[in-house]
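Good morning, colleagues. Please look at the sequence and the coordinates on the screen before I begin.

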Amino acid sequence: MTKEEFLNRLKEDEEYSPGWQAIDDAFEKLYPGQKPDHFGTTLQSRAMFGGDEYLDGFSVYSSPKGYKHMVTYGMTVLYGDKDAFGGE
């Protein structure tokens, strides 16, 4: 995706969250077709809105070997940020 395409996507979809989607895509490859248990924080408690929660949520996947795999959302840039385009 070019930066221009990225910026157009941001204009068209205010809920666009490429970082969140990248995490979901990676875990879909690890756990195909599995719908994880997801737990989110309330908007008011999130740090970006002045609260003390630095995670937007987490998901828990069940491994075929019987263990749980937990992934967090919030330690990276989750939402569309024109300044973060092209970053890692």
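I shall go through the overall fold, then the core, and then some residues at the surface.

Let me state at the outset that this is a predicted model. The protein chain contains two helices and three strands. Read from the N terminus, the order of its elements is α-α-β-β-β. As for dimensions, the C-alpha trace spans about 45 × 30 × 20 Å along its principal axes. The chain has 88 residues, of which 22% count as buried.

I turn now to the interior. Which residues make up the largest nonpolar core? There are eight of them: Trp 20, Ile 23, Phe 27, Tyr 31, Tyr 61, Val 71, Tyr 73 and Leu 78. At least two residues of this core come from helix 2, and at least two from strand 3, which covers 68-73. Helix 2 makes the greatest contribution to the core, namely three residues.

Next, the surface. Glu 12, Asp 13, Glu 14 and Glu 15 together form a negative surface patch. Within this group, Glu 14 lies in the loop that runs between helix 1, residues 3-12, and helix 2, residues 18-30. Is Glu 14 buried or exposed? Glu 14 has a relative accessible area of 77%, and because the cut-off for exposed is over 50%, Glu 14 is classed as exposed.

Another residue to consider is Lys 11, whose place is in helix 1. Lys 11 is likewise exposed, its relative accessible area being 71%. Where does the chain return towards this part of the sequence? One pair to inspect is Lys 11 and Tyr 79: they are 68 residues apart in sequence, and their C-alpha atoms are 13 Å apart in space.

A second pair involves a member of the negative patch, Asp 13. Its partner is Gly 80, and the two residues are 67 apart along the chain, with 9.4 Å between their C-alpha atoms. Gly 80 itself belongs to the segment after strand 3. With a relative accessible area of 30%, Gly 80 is partly exposed.

To close, I would ask you to keep two items in view on the screen. One is the eight-residue core, to which helix 2 gives the most. The other is the negative patch of Glu 12, Asp 13, Glu 14 and Glu 15, where the C-alpha atom of Asp 13 is separated by 9.4 Å from that of Gly 80. Thank you for your attention.

Methods
Residues numbered from 1 in each chain as written. Predicted model: local features only at pLDDT ≥ 70, side-chain atom pairs only at ≥ 80, totals over all residues. Heavy atoms only, no water. Patch = residues over 30% accessible without salt bridge, like charges linked within 9 Å, V, L, I, M, F, W, Y side chains within 5 Å. Areas by Shrake-Rupley, 256 points an atom, 1.4 Å probe, with all protein chains shown as cover. Salt bridge = Lys/Arg side-chain N within 4 Å of Asp/Glu carboxyl O. Lys, Arg positive; Asp, Glu negative; His and termini not counted. Charge placed at Lys NZ, Arg CZ, Asp CG, Glu CD. Helix = DSSP H or I, 4+ residues; strand = E, 2+ residues; numbered from the N terminus. Buried < 20%, exposed > 50% of the residue type's maximum accessible area, 1.4 Å probe, protein only. Core = buried A, V, L, I, M, F, W, Y, C linked by side-chain atoms within 4.5 Å.
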